[in-house]
Amino acid sequence: MLLRAYAGMLARGGRPNAYTFPPLLKALAAERGVVAPAVGGAVHAHVVKFGMELNAHVASSLVLMYAARGDNLTAHALLDAWPARGGGTPVLWNALISGCKRGRQLRLSCCYFVDMVRAGVARTPVTYITVLSACGKGNDILLGMQLHKCVLESGVLPDLKVENALVDMYAECGEMEAAWELFEGMQVRDMVSWTSVISGFVRLGQADRAKALFDLMPEKDTVSWTAMIDGYVQTGRFREALEIFREMQFSKVMADEFTMVSVVTACAQLGALETGEWARVYMSRHGIKMDTFVGNALIDMYSKCGSIERALNVFKEMHNRDKFTWTAIILGLAVNGHGEQAIHMFYKMLRAFEAPDEVTFVGVLTACTHAGLVDKGRDFFLSMVGTYGVAPNVMHYGCIIDLLGRAGKLTEALETIGKMPMRPNCAIWGTLLAACRVHGNSEIGELAAENLLELDPENSMAYILLSNLYAKSNRWEDVRRLRQVIMEKGIKKEPGCSLIEMNGTLHEFVAGDRSHPMSIEIYSKLDKVLTDLKNAGYVPDITEVFVQVTEEEKQKVLYWHSEKLAVAFALLSSESCSTIRIVKNLRMCLDCHNAIKLISKLYMRQVIVRDRTRFHHFRHGLCSCKDYW
């Protein structure tokens, strides 16, 4: 925009002056495109052409631009060429330090401050503010403390901006006692002071303490509201994040793109598609910039809500894509069962000259798993180090174990675990055990369960999967023995919880819970659904029920599982043609999986369940997981 205006001014015969170049150069400092260096060089040539290179503000803007882009040699050469470099140029030194900080060269930014001190150049409040920010972002608490001493000795205090920078530096470094002591000692505070302390508590996971402070703030702006919303997102309290966002709207404070990334992220985790759609409309209505971060968050949200078509639409509409954009859409396609399309997207990413990272390969290997492409998955895994320089981590090994397990190659999967350069974790052994349950391999399954329980003796899922495996092999004595062990050890299964959004409101169901306002209608509808299912041949699968009750009581336990309650509620409350979307905190049990498959056929509804392990797209009596999860 500024560049176009500048070109237009020249075309009309206008002559630039000392006020023309600084905003133009600062805008170019933020540019990261391929052509940015050439454009920056051209503007620098114009600075010289029009005789502005000796103007301190223009020269400092040039230094800032080159330093921010990582061209430190040119930036330093400009500083050295300045006629008054012997002492009176703090503005240029400040530009050099600030440019490095903007370019995320935080250590170098601090080193240049040391050079500035050695050169005998006077430090200004701007110098201290910039270097303190670099220390905070670089987590350099030792230099930050030395700077604090310099600030006290310099005589710049009291200065609100410098005091805020000190508070923020300590908060960024996690030294909240020091930050709090400074905050309490401030004679004057503004919204920046409050927000720095709130953000510090948020980073330490102390969301409740942050909220207590937030409520005491005399005035709140977009940044403080966003800090609180993001705090709840970072601590996994997604519903509270959306509640804070609603409070923000009632307070008539306008959100920005940073706010919306946090809001959309909360919607993604909750599976709140309607609220996520509303957030997108809100952004459009209020002219909030749809930058790459927002686009990436929307792709992730639509993918996690099982709406991959809308995720693809956002991807296609994005003019600027980074590696996170490509990774988000590859992962989204993979987890929603579109393996071949995800792999095709990976090749498109390479053609766009974007380098894949470790998260991208999680998506690619997951895609191979869902598409049953064992050989291709092996090839991708082997190419990670050799071709792309990405070292496989435990998640990549988990994907390979899942790939081999799904294909029934259980011996190879076990051998792969034995070759892992790191110790296998619970997820690795759990993945192998789940594969053994599907394929009925008791020998390897028992070994996997033994290793899993050694790492986590209270892991109820290990007992459930092993019990399923024994039941599948007609080893009923072992099933009874396992149930006795569970009773004796007092192992409790984590309570099942299902979330479903209806008309923008989230409804939570727990197994057997009757606290919902529509509880009577929901249980009545569920009884009718179960009658329809039984008439269609449904037989309850009680192999995963470990409570010591009669067979009839075990069936009731199954009937009242949280996802069945959520489905019954959806059948009562939604349009007959709409998709039912549920988020489950645990792996779906066999019985619920069988029941929902049949519901999708009898009621002609698409049901999408995101459980702890994967997505299940139920349609016409079939599931996208092909009964493997």
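**Helix α33 and the mixed sheet around it**

In this predicted model, helix α33 has as its buried residues L590, D591, C592, H593, A595, I596, K597, L598, I599 and S600. With 10 of its 13 residues buried, α33 is largely enclosed by the rest of the structure. The geometry of the helix is easy to check: at 1.5 Å a residue, the 13 residues of α33 (residues 590-602) should span 18 Å, and the separation of 19 Å between its end C-alpha atoms agrees with this. Just after α33 comes M604, whose phi is positive, at about 50 degrees.

It helps to see where this helix sits along the chain, beginning with the strands that flank it. Strand β3 joins β4 through 4 bridges, and the two run parallel. The path from β3 to β4 passes through α33, and this β-α-β crossover is right-handed. Within the β3 and β4 pair, I582 stands opposite V609 in β4. On β3, the residues I580, I582 and K584 point one way, whereas R581 and V583 point the other way, and all are buried. Since 5 of the 5 residues of β3 are buried, this strand, too, is largely enclosed by the rest of the structure. The pattern along β3 fits a familiar rule. In a regular strand, side chains alternate between the two faces of the sheet.

Zooming out, β3 and β4 belong to an open sheet of 6 strands with mixed pairing, in the order β2-β1-β3-β4-β5-β6. Its edge strands are β2 (505-510) and β6 (622-623), each of which pairs on one side only. Strand β1 is joined to β3 by 3 bridges and runs antiparallel to it, with L499 opposite V583 in β3. Farther along the order, 4 bridges connect β4 (residues 607-610) with β5 (residues 615-619), again an antiparallel pair. Here R610 stands opposite F615 in β5. A second helix, α16 (residues 257-270), lies across β1 (497-502), β2, β3 (580-584) and β4, and runs at about 105 degrees to β4.

Turning to another part of the chain, N94 lies in helix α6 (residues 90-102). Is N94 buried or exposed? Its relative accessibility is 10%, and because the cut-off for buried is under 20%, N94 counts as buried. The side chain of N94 makes a polar contact of 3.1 Å with that of T124. Leaving aside neighbours within four places in sequence, N94 is in contact with M116, T124, V126 and T127.

How values were computed
Residues numbered from 1 in each chain as written. Predicted model: local features only at pLDDT ≥ 70, side-chain atom pairs only at ≥ 80, totals over all residues. Heavy atoms only, no water. Buried < 20%, exposed > 50% of the residue type's maximum accessible area, 1.4 Å probe, protein only. Polar contact = N/O pair within 3.5 Å; in protein donor to acceptor, adjacent residues only side chain to side chain. Contact = heavy atoms within 4.5 Å. Pairing = 2+ DSSP bridges. Axes fitted to C-alpha atoms, helices over the stretch in contact; angles between N-to-C directions. Expected span 1.5 Å × (residues − 1). Right-handed = clockwise from strand over helix to strand, strands pointing away.
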